[in-house]
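Q: Please pick one small part of this model and take me through it slowly, then show me how it fits into the rest. I'm new to this, so explain each term as you go.

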Amino acid sequence: MIVINQFAIENSYIQIMKTGSNGVGECVTGDSAGNVIVGVENNAFGGTSMGITKFNEDGDLQFSKSYGATARQTNVSSGKIAVDNSDNIYLFGRDSAGLSADNTCLLLKTDSSGVQQWTRELSADEQLSPSGVAVDSSGNIFVCGIRFN
């Protein structure tokens, strides 16, 4: 179950948002409309997959979607979600069933409704662990991570 607590700037409690999905909320951001967008690790098909759950500013669930085929096992963790000026969503995670096992990361782009636009695979000769994604005001996408020898 995904649970998000919202606090005002002065640390006063405002509301709680939750959904009954089998996912684990791993990273969170907001968009220009005040929606809350959560990067999710979904437990399904004997593995895990990337997902996005979106709540409106009142805490009502807008959508909860999982991405990837049933054979793919991906893992998304903290700090790997971003939103651009058009409210497109970018999710960056590690693909443990990709071309090179733990040596592949996935960058996923969806529109503001969670409709997948594209996916890119980034591979290396060594193990990769994604640690961040950002989009600048010109729409350039930046990813960072750790490469293990």
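A: Let's start with Asn35, which is buried, with a relative accessible area of 12%. Buried means under 20% relative accessible area, exposed means over 50%, and partly exposed is in between (1.4 Å probe, protein chains only). Before going on, two notes on the ground rules. This is a predicted model, where local features need pLDDT of at least 70 and side-chain atom pairs count only at pLDDT 80 or more, while totals for chains, interfaces and linings use all residues. Residues are numbered from 1 along each chain as its sequence is written, and side-chain values use heavy atoms, with hydrogens and water left out.

So where does Asn35 live? You'll find Asn35 in the loop between β3 (23-30) and β4 (36-44). Strands are DSSP runs of E with at least two residues, helices are runs of H or I with at least four, and both are numbered from the N terminus. Leave aside the neighbours within four places in sequence, and Asn35 is in contact with Thr29, Gly30, Lys54, Phe55, Asn56 and Glu57. Contact here means heavy atoms within 4.5 Å.

Lys54 is a good one to follow. Lys54 sits in strand β5, and at 7% relative accessibility it counts as buried. Not counting residues up to four places away in sequence, Lys54 touches Asp31, Asn35, Val36, Ile37, Asp60, Leu61, Gln62, Phe63 and Ser112.

Now look at what the side chain of Lys54 is doing: it meets the side chain of Asp31 in a salt bridge, 3.6 Å from N to O. The two partners are 23 residues apart and link distant parts of the chain, with Lys54 in strand β5 and Asp31 in the loop between β3 and β4. Asp31 is buried too, with a relative accessible area of 13%. To count as a salt bridge, a side-chain nitrogen of Lys or Arg has to be within 4 Å of a carboxyl oxygen of Asp or Glu. Side chains of opposite charge can pair when their charged atoms come close. A search of the whole structure finds one salt bridge.

Next, follow two of Lys54's contacts, Ile37 and Phe63. Both belong to the largest nonpolar core, which has 12 residues: Cys27, Ile37, Met50, Ile52, Phe63, Tyr67, Ile81, Val83, Ile89, Leu91, Leu106 and Leu108. β5 (47-55), β6 (61-67), β8 (81-83), β9 (89-95) and β10 (104-110) each bring at least two residues to this core. A nonpolar core is a set of buried Ala, Val, Leu, Ile, Met, Phe, Trp, Tyr and Cys residues joined through side-chain atoms within 4.5 Å. In soluble globular proteins, nonpolar side chains tend to be buried together.

Take Ile89 as one core member: among the residues that Ile89 touches, beyond four places away in sequence, are Ile37, Ile52, Phe63, Ile81, Val83 and Leu108. There's also a second, separate core of seven residues, including Ala82, Phe92, Leu107 and Val133.

Phe63 has one more trick. The charged end of Lys65 sits over the ring of Phe63, 5.4 Å from its centre. Arg120 does a similar thing with Trp118, its charged end over that ring at 4.3 Å from the centre. For this to count, NZ of Lys or CZ of Arg must be within 6 Å of the ring centre and within 35 degrees of the ring normal.

One loop residue deserves a stop as well: Asp87, in the loop between β8 and β9. The phi of Asp87 is near 65 degrees, a positive value in a residue other than glycine. Most residues other than glycine have a negative phi. At 13% relative accessibility, Asp87 counts as buried.

Finally, zoom out. The chain has zero helices and 13 strands. Of its 149 residues, 42% count as buried. Among contacts between residues at least 6 apart in sequence, 37% join residues at least 24 apart. Strand β13 (residues 141-148) holds Ile141, which at 30% relative accessibility counts as partly exposed. Not counting residues up to four places away in sequence, Ile141 touches Tyr90, Leu107, Trp118, Val133, Ala134 and Val135.
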